[in-house]
Amino acid sequence: MSDETPVAVRLTGIGKRFPGVIANDDVNLTVHPGTVHAVVGENGAGKSTLMKILYGVQAPDSGTIEVEGNQVSFSSPADAIDVGIGMVFQHFQLADNFTVLENIVLGAEKLHGTGERARRRIRELASAYGFAINPDALVEHLGVGARQRVEILKVLYRGARIIILDEPTAVLVPQEVDELFDNLRELKAEGLTVIFISHKLDEVLKVADEITVIRRGTTVDTVVPADVTARDLATLMVGSELPSPATEVSTVTDQVLLEVSGVGLVDPHGGRDLLTDIRFTIHRGEVLGIAGVEGNGQSELVEVIMGIRHSPAGTIRLAGREISDESTTRRRETGIGYIPEDRHRHGLLLDSPLWENRILGHQTRPPCSRRGFIDRAGARADTERIVTSYDVRTPGIDTHARALSGGNQQKLIVGREMSGDPVLLIAAHPTRGVDVGAQAAIWDHIKTARRKGLAVLLISADLDELIGLSDRIAVMLRGALVGEVDPRTVTPTQLGSAMTGAEVPA
Amino acid sequence: MSTPTHEVPRDETVTRSRFSWGWLLIGIAGVILALGALRTVTGADDVASAGTMGAAVRAAMPIALAGLGGLWAERAGVVNIGLEGMMILGTFGAGFAGYQWGPWAALAFAVFMGTVGGLIHAIATVGFGVDHIVSGVAVNIIGLGAAQYLAALTFTGKPGGGPTQSPPVERMPTFDIPGLSWAGRELAQTDLVFLTDAGAVLAGLTTRVSLLTVIGLACIVGTWLLLWHTSFGLRVRACGENPQSAETLGVNVYLYKYSAVLASGAMAGLGGAFLVDDASVYRDGQTGGRGYIGLAAMIFGNWRPGGLVAGAGLFGYTDALRLRRGGESVHALLLLIGVGLIALAVWWLWKRKVAQAGVTAAFGVGLVVLHLATDSVPSDFTGMTPFIATLLVLGLASQRLRMPKADGQRYRRGEAG
Amino acid sequence: MIRVRSMLMTMAAPILAVALAVLITTVVLLAAGDPVGRVWGTIFSEPRPRNIVNIINSGSVLYLSALAAAVGFRMGLFNIGVDGQYRIAAFAAAYVAGQAWVPGILNIALAILTAMLVGAMWAGIAGLLKVTRGISEVISTIMLNAIATALVAWMLRSVAVPGSNNITTTPIPESSRVPGMALIPGAHNEIYGFVFLAVAAGLFYWVLLSRTRFGFNLRATGASESAAVASGIDTKKMILAAMLISGAVAGLVGMPLLFGDSYSYGVTFQPGLGFAGIAVALLGRNHPVGIAFGALLFAFLNEQANALQLQAGVSAEIVKVMQGITVLSVVIAYEVVRRANRAAEQRRVAAELARARAEATEVTG
């Protein structure tokens with residue numbers, strides 16, 4: 001780049017500390033105008049923090065930010081918006097009970113008012129980018145893809161010239177990802193600058209003009225996609241090759257451990273059925289993967305098997321025993337281990353010590369309790385065992401769960417759920433948001449469980465994980481199982497189209 | 001771009017309940033007709049007399065203002081059960097300034113004292129992230145204590161005053177609305193089923209109207225305009241629905257939350273001024289739980305100004321009835337509510353909501369039986385009306401109620417995204 | 001050592017809060033032109049034996065009320081309705097005891113049982129509404145408080161002793177009264193026999209919450225309802241159970257007064273104990289020992305303030321202002337301490353991990 005064209009964004013020596021964590025340390029990043037610049041790094045590497053700093057949500061402890069040649073400092077996102085930066089967050093920032101229009105004009109009421117002029121402007125923008133969006137629809141009625149488009153509209157409405165997208169593909173299937181990438185290229189063609197955060201290397205290679213790698217909070221290198229392979233990027237990202245979930249020799253037996261037949265679930269709010277006529281079996285030593293776009297009934301299926309929700313029809317048999325009418329506690333006692341999809345909300349008491357978290361889900365069983373009383377000594381001793389054998393990195397078992405990293409929290413949960421000799425392990429997004437080290441460890445634990453003869457129900461949005469670990473994959477769409485694919489032959493793209501309701505590959 | 005554009009189907013865009021004058025008039029006519037019929041059937045003349053209506057408005061305004069206070073705070077995501085305390089502060093303020101400098105000073109000082117209460121709540125909940133309920137309880141304790149302490153300090157030894165009572169306070173001027181007031185009274189003299197009652201209601205609403213009532217009405221309309229038709233209101237409501245999203249769009253959430261909670265206190269304080277004006281004096285215990293009733297009216301009204309006014313009107317009406325041959329009047333009202341509930345049950349049955357229909361019918365039949373089996377209702381029970389009504393509404397229609405999504409949640413800057 | 005430090009910080013919070021409350025109250029007094037020195041001199045003077053007895057007595061009542069609120073708090077339920085529950089329960093117990101259907105001590109037992117049942121039932125309505133209809137217990141208990149007030153007033157008038165000036169229930173017979181104890185030398189008044197009821201309730205609370213499976217489930221539900229559900233806890237049952245227990249304890253609040261002092265329920269029966277209990281529970285951080293200190297502090301302030309009018313010409317209500325500020329500042333102080341502790345812990349974990357990593361590289365390298 002010549003000296004005359006100023007860079008779009010230049011970050012120099014950015015540092016940011018949280019208690020006990022250095023999220024960013026001496027980060028240097030140069031983004032050229034009119035390019036798609038990817039920032040990659042594993043979970044917890046500090047990508048999101050960096051982008052929040054660039055968007056003014058958080059203030060850096062050190063370093064300087066330069067936008068289009070001018071040094072700036074942001075005290076709130078308003079300042080970032082003023083210099084033409086927009087951000088689409090990983091977790092959408094939308095008020096459900098507001099209309100699309102209200103969500104878009106909020107904070108930018110001065111541009112085109114809050115009424116008809118704004119509505120017209122939104123329609124213009126939407127049609128310019130081919131978004132099918134009704135400005136007066138309530139956001140709560142929109143699907144994931146539409147919400148993302150509203151988020152992008154929010155940014156465009158404010159006339160942003162630099163757009164940050166934080167893990168935008170995490171919630172999309174491959175086909176939607178392609179659509180999004182088309183949109184990004186269009187934005188680029190109009191001279192906008194896109195900063196694209198991801199940890200999926202193949203995607204990054206597909207869309208980026210330049211790639212900056214972040215590792216443990218600091219920038220390692222900036223490369224051009226033509227010069228590198230996914231393997232090179234992985235080495236830059238984690239210092240070694242990425243772990244692979246590849247399958248081992250089949251351990252599938254013909255002994256059925258879990259049999260679900262004819263299970264359904266009605267939407268209590270009167271929408272279409274959440275689950276319809278679900279039937280499948282899992283054998284001893286088998287991993288059944290469930291593929292599906294999120295929100296197609298996977299969570300509900302797990303909750304029905306766990307007894308958290310109740311199916312009006314059908315039966316669930318575990319190890320030959322009918323459990324359809326039993327409580328969650330009884331089902332757990334019968335031998336279900338459960339790694340929930342959201343560990344913070346469903347898996348842990350964040351502000352309780354680890355040993356109390358060990359009791360969770362095992363309140364009725366030794367070593368955690370005896371005759372209605374909590375066995376503190378037993379629970380503590382067993383927590384020590386889990387911490388050691390599952391390599392949970394913690395100063396001690398009196399540490400609160402919140403203080404641990406995502407990966408260590410998840411290892412604790414896996415260790416807990418593998419206690420008490422389960423026969424069925426339900427793992428919902430077991431490696432979501434954890435670092436590669438923990439990811440590899442958790443994959444190993446799932447493989448071990450399979451080898452030990454457990455039946456495993458695996459739900460994941462990570463298609464590589466699903467294909468790698470599963471013996472069979474069932475595809476779920478709108479609350480029904482619509483087909484099965486063979487993980488040995490299927491590709492992620494084929495799986496993706498099956499998930500959106502296109503032809504199921506044979 | 002290749003994505004096929006298709007318009008979102010009509011039924012997916014939720015039509016928000018729009019204000020319509022036609023329905024409002026039909027509703028008012030229906031209420032008058034029902035009350036008139038009730039008066040004819042039971043002979044309880046006070047259920048629709050001009051006196052009752054005038055009293056109902058006076059009783060409803062402080063409730064509505066407290067409810068408005070609740071609305072401001074909760075629309076910005078701050079639960080405010082400290083309304084009672086803020087209202088108490090308002091009554092003291094009105095008494096303190098009122099007896100010395102007249103009704104306008106009373107109003108200003110009541111608003112000021114209520115705002116101070118709001119400030120305490122705002123500092124605790126918005127500034128320090130204290131649980132909203134805890135802070136509300138504390139504000140109630142502080143408000144009551146402060147008013148009692150200050151009253152003892154300033155009113156003791158003053159002519160007509162004492163530790164629990166202020167010297168007499170001059171009232172706001174009242175006026176008759178020309179034409180309407182006369183027409184109403186004339187109509188009420190006639191003996192035609194609907195017109196008599198309509199006249200009485202009209203006369204009650206337009207005769208000896210206090211300037212304070214006009215100010216209160218202006219607050220209600222003003223709140224509605226401000227919160228739903230300005231960008232300021234959009235931002236305030238965004239703070240109640242999803243403050244993080246507002247933050248990421250550069251909205252200073254703290255500023256809007258503070259503003260809303262201060263406004264909340266001001267409204268509650270104004271409600272206190274009403275009570276003092278109505279009684280011409282500050283008295284210890286004057287609010288009598290009206291802050292809570294206001295909260296109830298707001299929930300009853302589904303966190304919307306129109307519903308809130310309806311709730312406050314209903315509660316004010318029952319309150320007014322109590323003072324006007326309450327035993328007989330409320331006894332008559334039982335029949336109306338009973339029949340109304342049975343009608344609602346039939347409607348629900350038609351909608352195939354059997355459980356709700358059953359419960360509603362049971363309550364309705366119970367009330368009718370109660371009406372037939374007794375001759376009058378003890379005055380204690382009329383005082384319960386707002387609370388039982390709110391519990392019933394919550395119990396029967398909780399699915400249709402929608403409070404702001406982030407109501408009561410703690411918000412810290414910098415945690416968005 | 002680190003745990004000791006965090007404990008010290010926790011202890012510091014309420015002390016700081018009281019200090020802050022004193023400071024703010026002083027400002028209020030100065031602004032009002034009241035004699036600051038004499039006010040604090042009166043409040044913080046050494047209580048006389050008679051006052052000590054009163055402090056212990058009203059402290060025990062506050063303690064019960066705070067325990068009732070704390071049961072709810074521990075599982076994230078706001079039982080604002082202790083106020084209504086204790087009054088309606090005290091009325092019922094007073095009525096039952098006054099009828100003297102059974103003799104002597106049995107009558108006491110029957111009355112206590114009645115109080116607990118009625119309190120539990122009244123709280124149970126809110127629990128039921130929350131479980132079946134999803135109605136916030138804050139709102140429903142506020143409504144139920146007001147309904148209880150009206151209901152008690154009506155019932156009281158229906159059963160009041162005819163011909164008497166005081167509207168009260170029939171007094172409890174001599175044989176069913178709980179004798180006081182002259183424990184404080186130099187005091188003419190006696191400590192309620194039912195102080196033991198408060199102690200027993202505190203012990204029960206501690207064992208239930210920190211040692212039993214039920215208590216674990218209750219705390220887990222309070223810490224994270226979603227995690228509790230996933231772990232197999234029937235949270236609806238827990239909500240109902242917690243409200244019933246809270247209501248039953250609330251039912252006990254009026255008992256020391258009823259059996260040791262007033263012997264009947266009348267219009268003058270002490271009001272406002274429910275909200276004071278909430279304040280005390282927050283002050284004592286829902287811990288049985290902490291609550292005891294909180295209850296005694298509030299009782300101390302109330303008792304000492306009685307002399308304010310006489311000694312300093314200041315209304316005793318200033319103490320209410322101080323108590324309210326104490327509650328707010330203690331909650332803020334706990335929050336600040338919690339954040340500090342959390343940050344310290346995260347730093348500690350990070351340090352531990354860094355050390356472990358360094359060791360690992362040493363071994364491999």
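Contacts within chain A and between chains C and B

Me: In this predicted model, how many residue pairs are in polar contact between domain 1 of chain A and domain 2 of chain A?
Reply: With both residues of a pair at pLDDT 80 or more, polar contact between domain 1 of chain A and domain 2 of chain A is found for two residue pairs. On the side of domain 1 of chain A that touches domain 2 of chain A, three residues are nonpolar, two are polar and one is charged. Salt bridges between these domains number zero, so under the rule of a Lys or Arg nitrogen within 4 Å of an Asp or Glu carboxyl oxygen none is counted. The polar contact count asked for is two residue pairs.

Me: What area is buried between chain C and chain B?
Reply: The contact involves 41 residues from chain C and 41 residues from chain B. Arg133(C), Met143(C) and Leu328(C) together supply 19% of the area that chain C buries against chain B, more than any other three residues. Carbon and sulfur atoms give 79% of the total buried between the two chains, which is about 3,500 Å².

Me: Which element gives the most residues to the side of chain C that touches chain B?
Reply: Across this interface there is one salt bridge, in which the side chains of Glu335(C) and Arg410(B) meet at 2.9 Å, N to O. The elements that give two or more residues to the chain C side include helix H1 (2-32), helix H5 (104-133) and helix H15 (318-364) of chain C. With 13 residues, the element that gives the most is H6(C).

Notes:
Residues are numbered from 1 along each chain as its sequence is written. Chains are lettered from A and ligands numbered from 1 in the order in which they are written. This is a predicted model: local features need pLDDT of at least 70, side-chain atom pairs count only at pLDDT 80 or more; totals for chains, interfaces and linings use all residues. Side-chain values use heavy atoms; hydrogens and water are left out. A polar contact is a pair of N or O atoms within 3.5 Å; within protein, one must be able to donate a hydrogen and the other to accept it, and residues adjacent in sequence count only if both atoms are side-chain atoms. Ala, Val, Leu, Ile, Met, Phe, Trp, Tyr, Cys and Pro count as nonpolar, Asp, Glu, Lys and Arg as charged, and the others, Gly among them, as polar. Contact means heavy atoms within 4.5 Å. Buried area is the accessible area (1.4 Å probe) that two parts lose on being put together, summed over both. Helices (H or I, at least four residues) and strands (E, at least two) are DSSP runs, numbered from the N terminus.
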